[in-house]
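Subject: Structure for your review

Hello,

Here is the structure we talked about handing over. Please open it next to this message and read the notes with it in view.

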Amino acid sequence: MDKRTFIKAIGLGMVALPLSTTMKSGRVVARQHPNIYPPLIRRGDTVGIITPSSPLVDDRGYALADENFATLGLRVKWGANVGKRYGYLAGTDAERIADIERMFADPDIKAIVCLRGGSGAARVLDRLDYQLIARNPKIFLGYSDITAFHQAIYTQTGLITFHGAVANSHWTPMVIRQFEQLFFDGKLPMYTADRKPNTITGGTAEGRLFGGNLTVLTGIAGSAYFPDFEDGILFLEEIGEEPYRIDRMFSQLALTGALRKIKGFVFGQCTDCRSKNPANSLTVEQILYDYIRPLGIPAFQGARIGHIDEQFILPIGARVRIDATQGSIHIVEPIFKTT
C-alpha cells in the first residue's frame, strides 16, 4: 500500500482542532455530537460492499468476499461502482461518494463492509453527507485507509464504527467468531494479546478509543476530521514504512498536541517496517519508547491490530479500558442500539 503520495496530497504540519467540526460555506463550525449506536444484524440480512478508496489488485477478492459472508449466512449487495478504476482509486470521487451514501440510505442494507483499503479516502471527507449517515446508522467496517472514514464519521456524527477486517481479507475462524459475537449477539469481547505484550508503561487507563493506520491518521491531522484526543485511548498500526518515516509521523502527532492529551496507548503490528540499513537506524520499539514512555501513561505494543489475517474488530469512539501490563482492551459501555 503506497500511502506517501496520499500524505503529500493532504499536507502535514497543521494543528489539531479541539472539537468536532463541520464545514459550512467555507467556515469551520465547531460541534459536539452524542454517540450514535448502530443496530445489530442477523443471519439473512444484506451487507453492502463498497470500495471507497482503492480497487482490488486482482479479481480473486470478489469470490473471497462472497465466501466470507456466505459463511456467516449474510446476503451481499455490491456497490454500483465497485470494480471501477480511476488511476489508483476505485472510481472518481463522485462515484465513491455515491456508493457510500447509497448504502447508508438503502433500508435493505443492514451493514456496510469495505472491500479493501488502499488510498484516497481523505479526498472525499469534505463532501460526504454526514446528516444522511447520522439518520441511517449502520455497522461500518474496514481498516487501513478506511481509518480516515472512521475518524470523519465519528467526529461529524458520533456514530460508532468498526476498525477491522475488510471484505477481501482471509476471514479465519477467529475473525468469523468475533464478527458473530459482536454483530449478531452484541457480546462485548475482552481483547487480549496472543503472546506476552511489550509493556511500555504498565497500568490501566479508560477513555474513548480512536486511531487506526498511523500514516492515514497523521494525513488528516489539522483537518475538521482529526479527533479531539482529550482523555482518549489511541491505537495505531502500520505497514511498509521504514523507522525514520514512523519517527516523522510520531513527531507530527506530538506536534499536534494529540499525544499530550491521551490517557492510554496501544500499538498493534508494524508489518514490513524494518530498516534497509539497520546499523544506522532506530527500531520501531525505540521510537515508541522515545515518544510514548515520557508521557507516563499505560501503554503497550503487540495487540492483534494491523495488516494481519487475525485482527481485532475495534469500535471507534467507544469507551474502553486497557491494561498495559496484561495487554488487554475491554469495552466498558454499550456500543449497539437497543430496541
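The notes below go through the annotated sites, then the sheet, then some single residues.

Please keep in mind that this is a predicted model.

Annotated active site

The UniProt entry, which is unreviewed, carries an "active site" annotation on Ser144, Glu237 and His307. These residues span 164 positions in sequence, but no two of their C-alpha atoms are more than 8.5 Å apart, so they gather at one spot. Of these residues, Ser144 and His307 are included in the lining of the largest pocket.

Ser144 sits in the loop that links β6 (139-142) to α5 (147-157). Its relative accessibility is 4%, so Ser144 counts as buried, the cut-off being under 20%. The backbone at Ser144 has a positive phi of about 65 degrees, although the residue is not a glycine. His307 is found in the loop between β13 and β14 (314-316). The side chains of His307 and Ser144 make a polar contact at 3.1 Å. Glu237 belongs to strand β11, where it is buried and points to the side shared with Ile233, Phe235 and Ile239.

The same kind of record also gives a domain: UniProt (unreviewed entry) places "LD-carboxypeptidase N-terminal" at residues 47-164. Over that stretch the chain is 36% helix and 18% strand. The C-alpha atoms at the two ends of the stretch are 15 Å apart.

The eight-stranded sheet

Eight strands make up an open sheet with mixed pairing, and their order is β8-β16-β15-β10-β11-β12-β13-β9. The edges are β8 (190-192) and β9 (198-201); each has a single partner strand, so one side of each is left without a neighbour in the sheet. From one strand to the next, the twist averages 30 degrees. Helix α8 (residues 243-256) packs on the sheet and touches β11 (232-239) and β12 (264-271). The direction of α8 makes about 160 degrees with that of β11.

At one edge, β9 runs antiparallel to β13 (residues 299-301), and three bridges join them. Within this pair, Thr201 stands opposite Ala299.

How is β11 placed with respect to the rest of the structure? Eight of its eight residues are buried, so β11 is largely enclosed. Gly232, Leu234, Leu236 and Glu238 point one way from the strand, while Ile233, Phe235, Glu237 and Ile239 point the other way. On one pairing, β11 is joined to β10 (residues 204-213) by six bridges in the parallel sense, with Arg208 and Gly232 as bridge partners. β11 also pairs with β12 in the parallel sense over six bridges, and there Ile239 has Thr271 as its bridge partner.

Just ahead of that strand, Asp231 lies in the loop between α7 (214-219) and β11. Asp231 has a positive phi of about 60 degrees although it is not a glycine. With a relative accessibility of 38%, Asp231 counts as partly exposed, since that value falls between the 20% and 50% cut-offs.

Two loop residues

Ser54 is located in the loop between β3 (46-50) and α2 (60-71). Its relative accessibility of 5% means that Ser54 counts as buried. The Ser54 side chain reaches the backbone nitrogen of Ser119 at 3.0 Å. Neighbours within four places in sequence left aside, the residues in contact with Ser54 are Tyr88, Leu89, Ala90, Arg116, Gly117, Gly118 and Ser119.

Asn81 is in the loop between β4 (75-78) and α3 (93-105). Is Asn81 buried or exposed? With a relative accessible area of 7%, Asn81 is buried. Its side chain and that of Lys84 are joined by a polar contact of 2.8 Å. Not counting residues up to four places away in sequence, Asn81 touches Thr51, Ala90, Glu95, Ala98, Asp99 and Arg102. Asn81 and Gly268 are 187 residues apart in sequence, and their C-alpha atoms are 32 Å apart in space.

Regards

Conventions
Residues are numbered from 1 along each chain as its sequence is written. This is a predicted model: local features need pLDDT of at least 70, side-chain atom pairs count only at pLDDT 80 or more; totals for chains, interfaces and linings use all residues. Side-chain values use heavy atoms; hydrogens and water are left out. Two strands pair if DSSP finds at least two bridges between them. Helices (H or I, at least four residues) and strands (E, at least two) are DSSP runs, numbered from the N terminus. Axes are lines fitted to C-alpha atoms, for helices over the stretch in contact, and angles run from 0 to 180 degrees between N-to-C directions. Contact means heavy atoms within 4.5 Å. UniProt positions are given in the numbering used here, feature names are shortened, and annotations may be inferred rather than shown by experiment. On a 1 Å grid over the protein atoms alone, a cavity is a set of points where a 1.4 Å probe fits but cannot get out, and a pocket is an open set with protein on both sides within 12 Å along at least five of seven lines; lining residues have an atom within 4 Å of a point. Buried means under 20% relative accessible area, exposed over 50%, partly exposed in between (1.4 Å probe, protein chains only). A polar contact is a pair of N or O atoms within 3.5 Å; within protein, one must be able to donate a hydrogen and the other to accept it, and residues adjacent in sequence count only if both atoms are side-chain atoms.
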